[in-house]
Amino acid sequence: MGEQISSDSYTPRQRSVYRRRLEEELEVFDRHLQEAEFVSHGTIGLELELNLVDDQMLPHANNQAVLERLGDEYQSEIGVYNVELNHPPLSIGGDGLIQLERGLSQRLDAVHAAASAAGSQVAMIGTLPTMTSKFLQETEWMTPENRYAGLSKSIMDTRGELVHLNLWREERYRHDFEDIATESTCTSIQLHLQVAPDRFANAWNASQAIAGVQAALSANSPLFMGHRLWHESRIPVFQQSIDTRTQELINQGVRPRVWFGERWITSVFDLFEENVRYFSPLIPEGRVQAGAPFMKGESPGLHYLNLHNGTIWRWNRPIYDPNTELSHIRVENRLLPAGPTVKDIIADAAFYYGMVKALSEQTRPVWSRLSFAEAEHNFHEGARHGLTAQLQWPTLGTIDVTELVTDHLLPMAHEGLALLDVDPALADEYLGIIEHRARTRQNGAMWQLNALNALAPQSRPATKERGEALARMLRQYIANQQSGAPVHTWSLEVQ
């Protein structure tokens with residue numbers, strides 16, 4: 001969203017100037033795509049968001065003390081109990097996946113050491129099950145930086161009403177908030193895939209087509225504010241937390257800023273054009289005020305277009321990076337929750353990269369046979385029901401997601417990794433984790449729900465019994481996480 005924001009409020013003149021600059025930069029981007037040379041190495045990378053907890057397993061407002069002990073690869077997130085780590089890009093070919101695992105493990109170890117020195121523990125999980133509405137109603141929930149205050153203020157000013165959360169599955173949670181505090185509960189793993197511009201549309205379409213499968217396989221956020229909700233509750237919580245629309249605008253069909261999209265695309269330009277056409281700027285920060293360069297090497301900086309893109313939260317977001325030599329384009333796959341373990345994360349990455357490559361190479365791609373509406377339906381079904389979801393797939397009709405994965409998609413993922421020159425032994429190892437997860441029907445969400453049922457089967461939300469059970473469950477989750485064993489192997493025994 002931009003790291004250098006000078007203010008948390010803007011004048012009508014600033015907004016008008018920003019809009020003109022945005023439209024001008026869209027034209028510059030169009031010409032740049034047509035005329036310039038781009039990086040096309042096909043590198044991968046990731047970002048990982050983490051939660052800090054105290055000895056009682058409650059959120060710990062301590063990220064500044066933790067970040068003081070870390071380097072440039074680590075940064076704040078909107079919640080004062082969150083930190084983020086970034087892994088630099090690398091090639092997936094050969095032993096790239098094991099390099100990614102080792103690099104992620106080393107960086108995660110550094111966060112654990114810094115957190116321990118600062119009096120915190122680290123939980124790598126989609127949503128803290130011990131989070132409370134009370135914590136997020138205190139003003140201290142937010143990291144004290146202009147970019148976060150400005151974002152929250154702009155969303156609330158645009159919306160003009162309280163943020164109303166309303167979601168249910170086994171139980172129901174409804175609550176109003178004065179700001180976008182609940183957005184901070186949605187911690188994710190974001191996979192990067194750099195592609196040549198002429199290959200972007202296939203990569204993005206493939207990412208959209210498998211979003212429902214990813215959400216189901218990797219669900220790890222089934223407990224929001226102590227309530228049993230969607231297996232991947234991050235999805236509806238994130239959308240509702242930063243929705244700028246009132247109910248009347250929703251009824252009119254105005255597009256949400258947390259957006260799956262509405263069509264298959266033919267170019268990366270389609271997505272940036274939609275950004276400018278459908279969404280008003282939230283953070284109209286000028287280039288000079290933000291300290292952003294006009295050019296980075298031979299590439300246009302596109303400050304206005306990039307900052308605007310950062311305030312439209314597509315689950316598969318297009319990224320333009322001007323770099324310092326050749327610019328590049330990448331897909332940012334944003335729908336996966338953090339955790340449960342490093343092994344699970346790399347397995348998720350292997351499945352994603354393999355599937356995108358295989359689907360992108362098909363002569364009759366899946367998006368020519370699967371409607372966009374079906375892909376979006378799959379996404380919400382996968383997020384709601386996890387490994388018990390029933391999804392739509394061409395020629396197969398409605399099929400259990402575990403059967404779809406084990407009998408149909410895993411062979412394709414193997415094929416895709418082979419096309420990427422991934423070491424076959426590594427492909428077998430990481431895709432084997434995906435297969436076992438599907439066959440055992442145990443991902444992070446299922447483990448959390450089953451562990452809670454074992455500890456307090458009759459407990460109700462907001463009771464002392466539920467709270468104590470959640471703390472015990474999270475403590476065991478962290479212990480299991482630190483063991484490194486993939487989640488499908490975890491026992492339901494809680495100490």
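This is a short tour of the structure, stop by stop, with something to select at each one.

**The whole chain**

Start with everything shown, and keep in mind that this is a predicted model. Colour by secondary structure and you will be looking at 18 helices and 17 strands. Turn the C-alpha trace along its principal axes: the spans are about 60 × 50 × 45 Å. How does the radius of gyration fit a compact globule? For 495 residues such a globule would have a value near 23 Å, and the chain has 22 Å, so the two agree.

Now switch on a surface. The accessible surface comes to about 19100 Å², and 46% of that belongs to carbon and sulfur atoms. Of the 495 residues, 60% count as buried. If you draw contacts, counting pairs with a separation of 6 or more, 76% of them are between residues 24 or more positions apart.

**The second largest pocket**

Next, select Gly42, Gln194, Val195, Lys357 and Leu420. Of the 20 residues that line the second largest pocket, these are the closest to its centre. The pocket has a volume of about 360 Å³. To see which elements frame the space, show strand 7 (188-195), helix 6 (197-209) and helix 13 (342-360); each gives two or more residues to the lining. Which element gives the most? Helix 13 does, with 4 residues. Colour the lining by class and you will find 9 nonpolar, 8 polar and 3 charged residues.

**Glu47 and its contacts**

Move to Glu47, which sits in strand 1 (residues 44-53). Is Glu47 buried or exposed? Its relative accessibility is 12%, so Glu47 counts as buried, the limit being under 20%. Leaving aside neighbours within four places in sequence, show what Glu47 touches: Glu84, Leu85, Asn86, Ser188, Ile189, Gln190, His192 and Glu332. Glu332 is a good one to label, since a C-alpha to C-alpha line from Glu47 to Glu332 reads 9.6 Å, while in sequence the two are 285 residues apart.

**Glu138, for another distance**

Select Glu138 in the loop between helix 4 (133-137) and helix 5 (146-159). At 37% relative accessibility, Glu138 counts as partly exposed. Draw a C-alpha to C-alpha line from Glu138 to Glu374 and it will give 40 Å; along the sequence this pair is 236 residues apart.

**Backbone stops**

A word of background before the last selections: most residues other than glycine have a negative phi, and most peptide bonds are trans.

Begin with Gly339 and Pro340, which are joined by a cis peptide bond with omega at about 0°. Pro340 lies in the loop between strand 15 (328-337) and helix 13, and helix 13 is the element you met at the pocket as the one giving the most to its lining.

Then go to Met225, in the loop between strand 8 (223-224) and strand 9 (227-228). Met225 is not a glycine, yet its phi is positive, about 55°. With a relative accessible area of 7%, Met225 is buried.

Finish at Arg441, found in the loop between helix 16 (424-440) and helix 17 (444-455). Arg441 also has a positive phi of about 55° without being a glycine. What is the relative accessible area of Arg441? The value is 33%, and Arg441 is partly exposed.

Conventions
Residues numbered from 1 in each chain as written. Predicted model: local features only at pLDDT ≥ 70, side-chain atom pairs only at ≥ 80, totals over all residues. Heavy atoms only, no water. 1 Å grid on protein atoms, 1.4 Å probe; cavity = no way out; pocket = protein on both sides within 12 Å on 5 of 7 lines; lining within 4 Å. Points joined across faces, edges and corners; volume = space filled by probe spheres on them. Nonpolar A, V, L, I, M, F, W, Y, C, P; charged D, E, K, R; others polar. Rg over C-alpha atoms; globule rule 2.2 N^0.38 Å. Buried < 20%, exposed > 50% of the residue type's maximum accessible area, 1.4 Å probe, protein only. Contact = heavy atoms within 4.5 Å. Areas by Shrake-Rupley, 256 points an atom, 1.4 Å probe, with all protein chains shown as cover.
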